[in-house]
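Let's walk through this model together, starting where the chains meet and ending inside one of them. Keep the structure open beside you as you read.

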Protein chains: 2
Amino acid sequence: MLPGVKLDLRLPVGELTAQLVDIESVSGAEGPLADAIETALRECGHLAVSRDGNAVLARTDLGHPQRVVLAGHIDTVPVAGNLPSRLDGGLLYGCGASDMKSGVAIQLKLAAEATAPVMDVTYVFYDCEEVESERNGLLRISRNSPASLSANFAILLEPTAGLVEGGCQGTLRAEVRARGERAHSARAWMGRNAIHEAAGILDVLRSYQARQPEVDGLTFREGLNAVGISGGVAGNVIPDECVVTVNYRFAPDLSAEQAAEHVRDLFDGWEVTITDVADGARPGLHSPAAASFTAVVGGTPRAKLGWTDVARFAVLGVPAVNYGPGDPLLAHSRGEHVPLGAITECEAKMRTWLSG
Amino acid sequence: MLPGVKLDLRLPVGELTAQLVDIESVSGAEGPLADAIETALRECGHLAVSRDGNAVLARTDLGHPQRVVLAGHIDTVPVAGNLPSRLDGGLLYGCGASDMKSGVAIQLKLAAEATAPVMDVTYVFYDCEEVESERNGLLRISRNSPASLSANFAILLEPTAGLVEGGCQGTLRAEVRARGERAHSARAWMGRNAIHEAAGILDVLRSYQARQPEVDGLTFREGLNAVGISGGVAGNVIPDECVVTVNYRFAPDLSAEQAAEHVRDLFDGWEVTITDVADGARPGLHSPAAASFTAVVGGTPRAKLGWTDVARFAVLGVPAVNYGPGDPLLAHSRGEHVPLGAITECEAKMRTWLSG
């Protein structure tokens, strides 16, 4: 390993967050940060540390019957003139401060200092969460060594503003295609305008009544939206094709297959091509580890509406929730920031929970 | 001039058409054909020949009070495996056979052989009609030497299946823009979907009642159509903009300005940007030269719906019509062809007219 920036895990969690933010780690370039994390954790005698590309895993092996995973991604979206970090009125600003280096700092503090937790813990620090799914570090680990993620419960330290967010909605994308017949636009009546036909597709979207189902006690909120539209051959041609790209966010009481069926039914009469679909995850708040965790955190858990990596744990049979100090509404914004108080509070609650 | 293919203007008009088709002249590469035309015409003692880029002009100067322009473009759309020409059952196949080398062959025959016409004639052979307007050879000549196009009447030998087509409709393109507000597609209700909003633009198009006005005795047929639509930021973003590109084909009783006003009124409430507009041309069939021409041709003149270069003559104050042997529905198609009989018939009628 090349010499790099050294992390000091004895720092207060807010200062450690600033250290992490200052080590730039845009997706695909997490090497220096992964190195620093690995180096720091290898100094902790109670942890078994391993490396998978730019992901680092560390685990206690105390023989407890219960095991939890605390997982966080170490990459960020591209820097937007918001580095280095700066502290202003108790708020820490900087790329990744909210999403999710404050969560990663909590993981690191607990990994170093919770030497005798009441359940075994696996800490996962992974790469490439902010880019296309195929590059996702957690997906790679789940393929390379699924046993390393085995647990009774998992917590992703994604920004949730300190609330427990259970499960996640699934997401499906489909191309809905209207066909027509080309003609010269000076003699439009000799053809059939596919863009005009596509108005019918938009009518379905405009009149769609989205469900808000309750799943395992949490209320989800679905949505069906056009996220793209394209059509047109040339400025003097009646177009013979118009494609509306639709995104369906579906509650985890539906399988990917059922979601696809629903979209096909809705757009009956048009050509529908499902281009990608990812299952959601049920909240899984009924497991003992989840119940004790939500009791310590307090507040009312809510449903996670966006798709997150909790679904990757669901695939492995591990119930998972999102819980972190960042504000999800600030993620990916230039002015991204996190209150130091929120980081400290989350860290304290998790420390309490792990110490029983 | 480099030695090139030699045209034989003594050939029957059908064979001359085949010669012209076999000299490839895709827009921008008309040099060899322009050279051949210039060489052939310079051998005609009764003509004054001049050259402007890849355009050739030839004129009689007999002192007649009336002058007509016979104009044709010598370029073609890209070759589509349809060269060299071939004759099959009286039909001449090949790139440009219909649009419009059969018309050019008629021009050449008349130029060479109508040595004593009853009115003076200017023959114009020009380049780059099949590409963007700014490259159009007739436009270039009208700027370089407008006097060379001065006349009482003009005929474009565009494919019209042997009918006189008067005037042409104008064409206007506009971008009609719907705005929204971005949001993550998992929380769509925090934004406003511009693609869904654009359905209102399509509703206007779908319910539009196009006019069919009579202008100078000919019935035109307007049309208003989407020729393009685009919107979308990413697969997980509620889009904040959707642009519908609209093409309005308007009858020549409206000016370009009136057409723009009409489109702005129709889409009141949306952002409308007029991106290009070209005036149409009134039929101009009431001039003496036009009247004698339509009498010789016979049949009922009809309105030209597509925009053509007749509008460039209208700008110069020269009434103009389209008249040629090709079938307009075959133009630009791979199977483009023209009946030899149609070429011969058009040539004979024009020869009769010019000889009084």
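**Two chains and their interface**

Across the interface of chain B and chain A, the rule finds two salt bridges. One salt bridge across this interface joins A:Asp203 to B:Arg206, where the closest N and O atoms are 3.1 Å apart. Keep in mind as you look that this is a predicted model.

Now take in the interface as a whole. Here 43 residues of chain B are in contact with 42 residues of chain A. Between them, the two chains bury about 3200 Å², and 60% of that area lies on carbon and sulfur atoms. Which three residues of chain B supply more of the area it buries against chain A than any other three? They are B:Trp189, B:His196 and B:Ile229, which together supply 19% of it.

How are the two chains related? Chain B is superposed on chain A by a rotation of 180° with 0.1 Å of shift along the axis, and the RMSD is 0.0 Å. That is the relation of a two-fold axis. The same surface serves both copies, since 98% of the contact residues of chain B recur in chain A. If you would like to find the axis on your screen, look for B:Ser230: among the residues of chain B, its C-alpha comes closest to the rotation axis, at 2.3 Å.

Next, turn to the surface. A:Trp189, A:Met190 and B:Leu329 make a nonpolar patch of about 320 Å² there, with residues from both chains taking part. Within chain A, A:Trp189 sits in the loop between strand E10 (183–184) and helix H5 (194–197). Is A:Trp189 buried, partly exposed or exposed? Its relative accessibility is 35%, so A:Trp189 counts as partly exposed; the partly exposed class runs between 20% and 50%.

Finally, let's visit a residue of chain B that also lies in a loop. B:Thr308 is found between strand E17 (302–303) and helix H9 (310–315) of chain B. With a relative accessible area of 6%, B:Thr308 is buried, because buried means under 20%. Leaving aside residues up to four places away in sequence, B:Thr308 touches B:Leu156, B:Cys168 and B:Asn322. As another point of reference, take B:Pro339: B:Thr308 and B:Pro339 are 31 residues apart in sequence, and their C-alpha atoms are 23 Å apart in space.

Terms used. Residues are numbered from 1 along each chain as its sequence is written. Chains are lettered from A and ligands numbered from 1 in the order in which they are written. This is a predicted model: local features need pLDDT of at least 70, side-chain atom pairs count only at pLDDT 80 or more; totals for chains, interfaces and linings use all residues. Side-chain values use heavy atoms; hydrogens and water are left out. Copies are superposed by least squares on the C-alpha atoms of residues with pLDDT of at least 70 in both. Contact means heavy atoms within 4.5 Å. Patches are made of residues with over 30% relative accessible area and no salt bridge: like charges are joined within 9 Å, nonpolar side chains (Val, Leu, Ile, Met, Phe, Trp, Tyr) within 5 Å. Accessible areas come from the Shrake-Rupley method with a 1.4 Å probe; for residues, only the protein chains shown count as cover. A salt bridge is a side-chain nitrogen of Lys or Arg within 4 Å of a carboxyl oxygen of Asp or Glu. Helices (H or I, at least four residues) and strands (E, at least two) are DSSP runs, numbered from the N terminus. Buried means under 20% relative accessible area, exposed over 50%, partly exposed in between (1.4 Å probe, protein chains only). Buried area is the accessible area (1.4 Å probe) that two parts lose on being put together, summed over both.
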